[in-house]
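Open the model and give it a slow turn on your screen. We'll start with one small patch, then step back to take in the whole chain, and finish with a few single residues.

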Amino acid sequence: MKKILLAIFVLSCFVGFSQQRKIKILKSELSYTDEEKHPGATILIGKVKIEHEGAILDCQKAFYYRKDNFFKAIGNVVINQGDTIRQTSDYVDYDGNAKIAISWGNVVLKDTQMTLTTDTLYFNREKQKLYYQDYATIKDETNTLNSKNGNYYLENKKFTATTKVTIDNPDNLIESNHLDYYTNSGHAYLYGPSTITGKKDGNKIESERGFYNTKTDVSHFVKNAKLYIDNRTIEGDSLYYDKPRGFASATNNIQVIDTAENFLAKGNYAEYYEKLDSIFMIKKAVAISVMEKDSMFVHGDTLLVTGKKNQRVIRTYNNVKIFKSDLQGKCDSLHTNQASGITKMYFSPVIWSGKSQITGDSIQLLSDKETDKLDSLKILGNSFIIQKDSLDPKNFNQIKGKNMYGKFIENKLRTLLVKGNGQAVNFNRNDNGVLETITKQLCSNIEFELIDNEIDQIKCLKQSDGKTYPPSKFPEVDRKLQGFLWREDEQPKTKDDIFIKDGKTVRKPLFKGTIGKKQEKKSREKKEKSNP
């Protein structure tokens, strides 16, 4: 008895389910059958209205196959699903069992968020999914999307578009081969090679994976991202760009390329402020200036680039190192002004040029703005140049003074002038390399040249007081001038050495010169008067 009741219950459920899914003919002006031409079909003509599970279809003519729960609608076909979806087309084939409609011929579908137009559209009502395979256009209040293939999920307002995809709006054009787009939020998720091009400014983003908010113009990319702004390219593993604010940030394997200035910056975290034309970079930050047949690499804990083209200022600070094939340097703070062509080095600065080590309270390198070649050099305060003797590493040729001024020829340091408190120690060898004499000189000013990177032709210009000794008679205490410090172990020998940290730099007071000292004295006297 229980088995009979169960069978009746299952049968009734099946019958009810079957009846629930049956297509209903609500209206037509004429209906008839023609088994010879259309076997199994009821032919409906004139103001045909058909209903199936909440969807109403109107058309001019239909072929209804009751046994298969299927119909073909022809002419001015309109489908309404509830209050949210309306579709028009020339033809529709509808399978009531699978709840799948195939529409073709001038198809237009609208919901509360968008309008879709195509030639052929598939509508799975069971899954509330639309899909097309031969191009479609989708318009919402913000964007126009075009693609060859695509799916639209009605419940979450999501388009998954593939093959020749574009999203177009008054400000930007997005191009991709695969993206998800939400019509309710305007959010786009990009997969595979994609570009976003600004129509007004020409700025462009390239990426292989990322997110873009079409309404706010904010984006975030996480694979092979590149941002092109004017003559600059910013790229990194991850890139965030807020276009209305003019702000971008990038992380890991960053490159900022300035093609107009032959300038490149690298690091692992960077921020770009478009309206200020400024770049802030940390984590193995390095600035690379591309010169004729050579490049200069500058590294520091922090790199800051500000200013417009030809007016840029580059600041590098903390643990700064410089590498160029014919010039290396180190300091704790570096300032380069493109407009003036002056690079200033502060806090224990040192440069190595050829065989020379040059130190001072501050060092300035002046470049020719037209050729970008080094032109001259200033060492202000406690200037000191040292060269290791060519044959005896225990001996050092030395020249020091208050300030020192040098001249470069073809990027090589050739002539130098010491002004004030000049001193020199020189180890003199003959043509056979034999050490013959050692000379110590005290001069107000000293002029000398570098021939083949060796100190040569030392000239005392004022108040000369010097003496030449045989090597055995030279006082040991005078072998190194006061303030001597050989810093060869700090010199970067390759461009990779600029990342080696040698310990914390002691920040001594900067050289102020005569004017600076007078101003400091006046300030001190004024302070003493106000605090008797």
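Leu 239 sits across from Ala 250 of β21. To see where that pair belongs, look for strand β20 (residues 238-242), which runs antiparallel to β21 and is joined to it by five bridges. Strands here are DSSP runs of E with at least two residues, helices are runs of H or I with at least four, and both are numbered from the N terminus. Two strands count as paired if DSSP finds at least two bridges between them. The hairpin made by β20 and β21 has four residues between the strands, and Gly 246 there takes a positive phi near 70°.

Strand β21 (residues 247-258) has another partner in strand β19 (residues 232-236): the two pair antiparallel over four bridges. In that pairing, Arg 232 has Asp 258 of β21 as its bridge partner. Which strand pairs with β21 over ten bridges? That's strand β22 (residues 263-273), and this pairing is antiparallel too. You can find Gln 255 standing opposite Lys 266 in β22. Four residues lie between β21 and β22 in their hairpin, and Asn 262 in the turn has a positive phi of about 50°.

Before we zoom out, a word on the ground rules. This is a predicted model, in which local features need pLDDT of at least 70 and side-chain atom pairs count only at pLDDT 80 or more, while totals for chains, interfaces and linings use all residues. Residues are numbered from 1 along each chain as its sequence is written, and side-chain values use heavy atoms, with hydrogens and water left out.

Now for the whole chain. Its secondary structure adds up to two helices and 36 strands. The radius of gyration is 41 Å, well over the 24 Å that the globule rule gives for 532 residues, so the chain is more spread out than a compact globule. (That radius is taken over C-alpha atoms, and the rule is 2.2 Å times the number of residues to the power 0.38.) The C-alpha atoms fill a box of roughly 130 × 60 × 55 Å along the principal axes. Of the 532 residues, 45% are buried; buried means under 20% relative accessible area, exposed means over 50%, and partly exposed is in between, using a 1.4 Å probe and protein chains only. The accessible surface comes to about 27900 Å², and carbon and sulfur atoms account for 50% of that. These areas come from the Shrake-Rupley method with a 1.4 Å probe, and for residues only the protein chains shown count as cover. Contact means heavy atoms within 4.5 Å. Take the contacts between residues at least 6 apart in sequence: 39% of them join residues at least 24 apart.

What about cysteines? Searching the whole structure turns up one disulfide, meaning a pair of cysteine sulfur atoms within 2.5 Å. It joins Cys 443 to Cys 460, with 1.6 Å from S to S. The pair links distant parts of the chain, 17 residues apart, with Cys 443 in strand β34 (residues 435-451) and Cys 460 in strand β35 (residues 454-460). Is Cys 443 buried or exposed? Cys 443 is buried at a relative accessible area of 4%, whereas Cys 460 counts as partly exposed because its value is 24%. Elsewhere, Cys 59 is buried at 5%, and so is Cys 331 at 1%.

Next, try Phe 323 in strand β25 (residues 313-324). Its relative accessible area is 14%, so Phe 323 counts as buried. Lys 495 is 172 residues away from Phe 323 in sequence, yet their C-alpha atoms are 5.6 Å apart in space. Beyond its neighbours within four places in sequence, Phe 323 has contacts that include Met 296, Phe 297, Pro 492 and Lys 495.

Ser 147, in strand β11 (residues 144-147), is buried, with a relative accessible area of 0%. Leaving out neighbours within four places in sequence, the residues in contact with Ser 147 include Tyr 132, Tyr 135 and Val 165. A polar atom of the Ser 147 side chain lies 2.9 Å from the backbone oxygen of Asn 149. For a very different distance, go to Asp 368: its C-alpha atom and that of Ser 147 are separated by 54 Å.

Notes: A polar contact is a pair of N or O atoms within 3.5 Å; within protein, one must be able to donate a hydrogen and the other to accept it, and residues adjacent in sequence count only if both atoms are side-chain atoms.
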